[in-house]
Amino acid sequence: MFKGLTPINYNGREVWPLVEGGKGVAATNHASAGAWAAAGGIGTVSAVNADSYDAEGKIIPQIYRALTRRERHEELVEYAIEGAVTQVKKAFEIAGGKGAVNINVLWEMGGAQRVLHGVLERTRGMVAGVTCGAGMPYKLSEIAASYNVSYLPIVSSGRAFRALWKRAYSKAAEWLAAVVYEDPWLAGGHNGLSNAEDPLVPQDPYPRVRDLRATMREGGISDDVPIVMAGGVWYLRDWSDWIDNPELGKIAFQFGTRPLLTQESPIPEEWKARLMTLDEGDVLLHRFSPTGFYSSAVRNPFLRNLEARSDRQIAYSTEHAGDHTFQLDVGVKGKNFWVTRNDLLRARQWFGEGFTSALKTPDNTLVFVTEEEKGVIRKDQADCMGCLSQCQFSSWADTETNSTGRLADPRSFCIQKTLQDIAHGGPVEQNLMFAGHNAYNFKRDPFYSNGFVPTVKQLVDRILTGD
């Protein structure tokens, strides 16, 4: 039997303990966040490369005119701040004084700290809190507190939170509004799996969240500071044992995938329709993201192509290692590549299938691609605008040299390009389509029968019934 939720006090207001997950790029905007807040919950504007608008409120393309990466990066930061400020103001207006509006920032986003400062400075009194994950955002508390704004770090273990608390957050404890526990095996987007955890062996979230609460208690944090359960949340009735559980303290819930399919959701209709077709297992936990993190997305042709590209990979040496190695000519001037006999045969097979170009990776391997694919990869790398603090695909880094010091990795892809494309009407099968692992419920849940797409208010009301 579903116990039902009770409101919580957040930022001086009584709100439902329901948080809209912030999805960038442009998959969570003012319309969805404002409507979620108007329904009494905590809406979230994505401040990750937010859309720009003209005087009439229409989306305008973000065109990068600069010739260098550094200059394009400055354009990106300016776009990000201007877009997010507009989004927050629109969301705040739609909310009409109800609920609360948060912003979400990817800590590994290029210029993340500058964007946070720029947005919070110009939206004083509108933003209730900042959710932030994908990395270890030590400075989040300091930045949020300087604007009298709450912060909600996103973590996937008690160990991660302990490090954040001891190093920084304990110094701004009064502004800690909640801790978001994001299940690294079930959440959509970038996931917080550590090197000690097996991506193929999901762990029960209950003991992990219980450990997180114990860590918070060690720091003297009240049980009234909620842990927000994120990832794998669909029906609240499945979480009845978590509600009012003294072992866990106050629990709230974050919904990232379900709000994608609402009337206010800004994603294109083709994307919404594709969500209704997914079966269990169609979302893949993979490691192709240029951030280096695991992430979860629909296993469409775009993702399958990355899998196949990585499979067309062989190890090489630049020195002859005796009778067991053979020279492979891949047309790279001044380079001799020595490979095993089996890899030589595999390379010849791929050449016969049209994969006639070999690109070096940072791990002393060669990846075989078509000439067309090679051209796209090289162009995307050259067009980099520094959307990440460190990018494996282009080797960009937010440093004085603007480089990671490692070879650009052709096994990855330009995440800015594909997320912008799918969010603005590009083909859903040829772009990265983030989704949580329970997205198959769109097809099974009777709430969405006959192609029904709810308003945000209808969705929130439905969630509150336990369904």
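**Exercise 1. In this predicted model, state how strand 14 and strand 15 pair, then place them in their sheet.**

Solution.
Step 1. Strand 14 and strand 15 (residues 294-298) are joined by four bridges, in the antiparallel sense.
Step 2. Take one bridge as a register mark: valine 283 has valine 298 of strand 15 as its partner.
Step 3. Now widen the view. The open sheet has three strands, in the order 11-15-14, with antiparallel pairing.
Step 4. Find the edges. Strand 11 (189-191) and strand 14 (283-286) are the edge strands, and each pairs on one side only.
Step 5. Add the twist. Neighbouring strands here are turned by 25° against each other on average, direction ignored.

**Exercise 2. Locate methionine 276 and list its contacts beyond four places in sequence.**

Solution.
Step 1. Methionine 276 sits in the loop between helix 7 (269-275) and strand 14.
Step 2. Leave aside neighbours within four places in sequence. The contacts of methionine 276 are then Leu261, Phe442, Lys443, Tyr448, Gly451 and Phe452.
Step 3. Check a separation. Alanine 112 is 164 residues from methionine 276 along the chain, and their C-alpha atoms are 34 Å apart.

**Exercise 3. Work out which strands stand at the edges of the sheet 16-20-19, and why one side of each has no neighbour.**

Solution.
Step 1. Write down the order. Three strands make an open sheet, 16-20-19, and the pairing is antiparallel.
Step 2. Strand 16 (313-315) and strand 19 (357-360) each have a single partner strand, so one side of each is left without a neighbour in the sheet.
Step 3. From one strand to the next, the twist averages 30°.
Step 4. Inspect one pair. Strand 16 and strand 20 (residues 365-369) run antiparallel and share three bridges. Glutamine 313 has valine 367 in strand 20 as its bridge partner.
Step 5. Add the helix. Helix 10 (residues 371-382) packs on this sheet and touches strand 19 and strand 20. The direction of helix 10 makes about 35° with that of strand 19.

**Exercise 4. Describe the packing of helix 2 against helix 3.**

Solution.
Step 1. Choose the descriptors. Two packed helices are described by the angle between their axes and the distance between the axes.
Step 2. Read them off. The axes of helix 2 (residues 69-95) and helix 3 (residues 112-122) come within 9 Å and cross at roughly 35°.
Step 3. Assign the hand: the crossing is right-handed.
Step 4. Name the residues in contact. Helix 2 contributes His73, Glu74, Val77, Ala80, Ile81, Glu82, Ala84, Val85, Val88 and Lys89. Helix 3 contributes Arg114, Val115, Gly118, Val119 and Arg122.
Step 5. Sort by class. The contact has eight nonpolar, two polar and five charged residues.

**Exercise 5. Characterise the largest cavity by its volume and lining.**

Solution.
Step 1. Apply the cut-off. One cavity of 30 Å³ or more is present.
Step 2. The largest cavity holds about 80 Å³ of space.
Step 3. Its lining numbers 14 residues; closest to the centre are Cys384, Cys387, Cys391, Ser394 and Cys414.
Step 4. Classify the lining: ten nonpolar, three polar and one charged.

**Exercise 6. Examine the backbone at valine 25 and asparagine 11.**

Solution.
Step 1. Recall the norm. Most residues other than glycine have a negative phi, and most peptide bonds are trans.
Step 2. Glycine 24 and valine 25 are joined by a cis peptide bond, with omega about 5°. Valine 25 belongs to the loop between strand 3 (18-20) and helix 1 (30-38).
Step 3. Asparagine 11 has a positive phi, near 55°. Asparagine 11 lies in the loop between strand 1 (8-10) and strand 2 (13-15).

Key
Residues are numbered from 1 along each chain as its sequence is written. This is a predicted model: local features need pLDDT of at least 70, side-chain atom pairs count only at pLDDT 80 or more; totals for chains, interfaces and linings use all residues. Side-chain values use heavy atoms; hydrogens and water are left out. On a 1 Å grid over the protein atoms alone, a cavity is a set of points where a 1.4 Å probe fits but cannot get out, and a pocket is an open set with protein on both sides within 12 Å along at least five of seven lines; lining residues have an atom within 4 Å of a point. Grid points are joined across faces, edges and corners, and a volume is the space filled by probe spheres set on the points. Ala, Val, Leu, Ile, Met, Phe, Trp, Tyr, Cys and Pro count as nonpolar, Asp, Glu, Lys and Arg as charged, and the others, Gly among them, as polar. Axes are lines fitted to C-alpha atoms, for helices over the stretch in contact, and angles run from 0 to 180 degrees between N-to-C directions. Helices (H or I, at least four residues) and strands (E, at least two) are DSSP runs, numbered from the N terminus. A crossing is left-handed if the near helix is turned anticlockwise from the far one by less than a right angle, and right-handed if clockwise. Contact means heavy atoms within 4.5 Å. Two strands pair if DSSP finds at least two bridges between them.
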